[in-house]
Amino acid sequence: MSRATNFPKLSRSLSICFLLLITINAQAQRAKSSHQQGLKDAYKKYFPIGVAVALRNLHGDEAQLIKTQFNSITAENAMKMAAIQPKEGVFYWKDADSIISFAVKNGIKVRGHNLCWHEQTPDWIFKGADGKAVTKTVLLQRLKTHITRVVNRYKGKIYAWDVVNEAIDDNPNHFLRDSKWYQICGEDFIAKAFEYAHAADPVAKLYYNDYNTERPEKREQIYRLLKSLKDKGVPVDGVGFQAHWSLQEPDESALRSAIERYSSLGLKIQITELDLSIYPWEISKRMKRPDESDVFTAELENRQVAKYAMVFKVFREYKNVITNVTFWNISDRYSWLNEFPVMGRKNYPLLFDRNLQPKKAYWEVINFKNQ
Ligand code: G3I
């Protein structure tokens, strides 16, 4: 064949190669820029995207990732009662202050977690000098002092607080959890905690925060509690879905029903502690069994991708009531689920892997068509 006859073919091949290169380059640029911009930018028109942090995350590669991807943070442990007031009148502010400074310096919002819980609460608060349980009056006074000091200190810097955490019992035959708060105060401690927080900062948004908020039986118990608070005029702004979810639950209809049910009370919703475990829900601690695999297979990853895509689709749809979505930990490098409830078993619940690289689920969450 002559050169003249070959020329159109060559030119066509070159054009195809050229077009291919442009497409690949454009895709790479898009991927790169959306990564540099991060989750917070992709969700700018929807809600802030947060992450739970510890002090150790605030420098090095994790700090960089936080700044790129998130525009809200929550202290994973540093603001809990036992951390802040380990002894009566002895306040330890250092860690919580550092988290606030990091946020202020980087223009990141802060959710406060939490003011009243049955865990990570110091024993002294329930006991008198004689070692016996204090009266309801004393306990409520101590709760008031604690909430007033903490909320006041971060007034104007914390825009939303988890005021009461996990007060509903897991047993559907009981209403409130049989915690020391309940044993000493009855259900009044819940309303009081909200009132104390509101008095200390009337601007901060106040949340009731719990897990399994979309399981129908627990949903109805939480609904009952929130409705009674609203009916009594207690200053509660919303409900926190902890969202410690798994590949098994919630399904789309349970998630939608829960959002609709709580928001029918005029409440906002924040997704406060999101992660998607690759294992079914368990609560009792145990050791990993030798025959138990903890490999993140392609099949598990694909199921996780689909689950993340579904929940974020629903979140976007309900952007008028969902006012924050926060992940519980930054990446699979460290997740509380690596030790809980099965000691020694790895989990892979987040959007970034151990090297802080975005997982497939990240791209599914970030690359959506506007809705
Ligand atoms: O501070 C001590 C330290 O002094 C000690 O050396 C070390 C040894 O184990 O323990 C440290 O305390 C640990 C604490 O985290 C701070 O790191 C506790 O053992 C550990 O149990 C505690 O776990 C936290 C857990 O709440 C407590 O129940 C997790 O990090 C935290 O992710 C988790 O978060 C909760 C939310 O607050 C509420 N919703 C559920 C969520 C997951 O459980």
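This is a short dialogue about the ligand site, the pockets and cavities, and some backbone features of a predicted model.

Visitor: Let me begin with the ligand. Which residues come nearest to the ligand?

Guide: A good way in is to list the shell first and then look at single contacts. Here 15 residues surround the ligand, and those that come nearest are Glu76, Lys80, His113, Glu119 and Glu273. Sorted by class, this shell holds five charged, six polar and four nonpolar residues.

Visitor: How should I read the single contacts? Which atom of the ligand lies 2.5 Å from a polar side-chain atom of Glu76?

Guide: For polar contacts, look for pairs of N or O atoms within 3.5 Å. In the case of Glu76, the partner is an oxygen atom of the ligand, 2.5 Å from a polar side-chain atom of that residue. His113 also faces an oxygen atom of the ligand, with an N or O atom of the His113 side chain 2.7 Å away. For Glu273, a polar side-chain atom lies 2.7 Å from a nitrogen atom of the ligand. As for cover, the ligand on its own has 790 Å² of accessible area, and the protein covers 48% of it.

Visitor: Where does the ligand sit?

Guide: The ligand sits in the largest pocket. That pocket holds about 440 Å³ of space. Its lining is made of 21 residues, and Trp117, Glu119, Glu166, Trp336 and Phe340 are the closest to the pocket centre. By class, the lining of the largest pocket divides into six charged, seven polar and eight nonpolar residues.

Visitor: Now to the closed spaces. How many cavities of 30 Å³ or more does the count give?

Guide: A pocket is open, whereas a cavity is a space where the probe fits but cannot get out. The count comes to four cavities of 30 Å³ or more. About 140 Å³ of space lies in the largest cavity. Among its 15 lining residues, Ser277, Trp281, Glu282, Leu337 and Pro341 lie nearest the centre. Two elements, β7 (244-246) and β8 (268-277), each give two or more residues to this lining. The most comes from β7, with three residues. The lining of the largest cavity has three charged, four polar and eight nonpolar residues.

Visitor: And how much space lies in the second largest cavity?

Guide: The second largest cavity has about 60 Å³ of space. Its lining includes Cys116, Trp117, His118, Glu166, Arg177 and Phe189. By class, the lining residues of the second largest cavity are six nonpolar, three polar and two charged. Trp117 and Glu166 appear here, and both are also named among the residues closest to the centre of the largest pocket.

Visitor: Let us turn to the backbone. Which residues does the cis peptide bond with omega of about -10 degrees join?

Guide: To find such bonds, go through the omega angles. The one of about -10 degrees belongs to the cis bond that joins His113 and Asn114. Asn114 is part of strand β3, residues 109-116, while His113 is one of the residues that come nearest to the ligand. Another cis bond runs from Phe340 to Pro341, with omega near -5 degrees. Pro341 is found in the loop between β10 (322-327) and β11 (342-343).

Visitor: What is the sign of phi at Glu166, positive or negative?

Guide: At Glu166, phi is positive, about 60 degrees, although this residue is not a glycine. Glu166 has its place in the loop that runs between β4 (158-165) and α7 (180-185).

How values were computed: Residues numbered from 1 in each chain as written. Predicted model: local features only at pLDDT ≥ 70, side-chain atom pairs only at ≥ 80, totals over all residues. Heavy atoms only, no water. Near = heavy atom within 4 Å. Polar contact = N/O pair within 3.5 Å; in protein donor to acceptor, adjacent residues only side chain to side chain. Areas by Shrake-Rupley, 256 points an atom, 1.4 Å probe, with all protein chains shown as cover. 1 Å grid on protein atoms, 1.4 Å probe; cavity = no way out; pocket = protein on both sides within 12 Å on 5 of 7 lines; lining within 4 Å. Sits in = over half its atoms within 2 Å of the grid points. Nonpolar A, V, L, I, M, F, W, Y, C, P; charged D, E, K, R; others polar. Points joined across faces, edges and corners; volume = space filled by probe spheres on them. Helix = DSSP H or I, 4+ residues; strand = E, 2+ residues; numbered from the N terminus.
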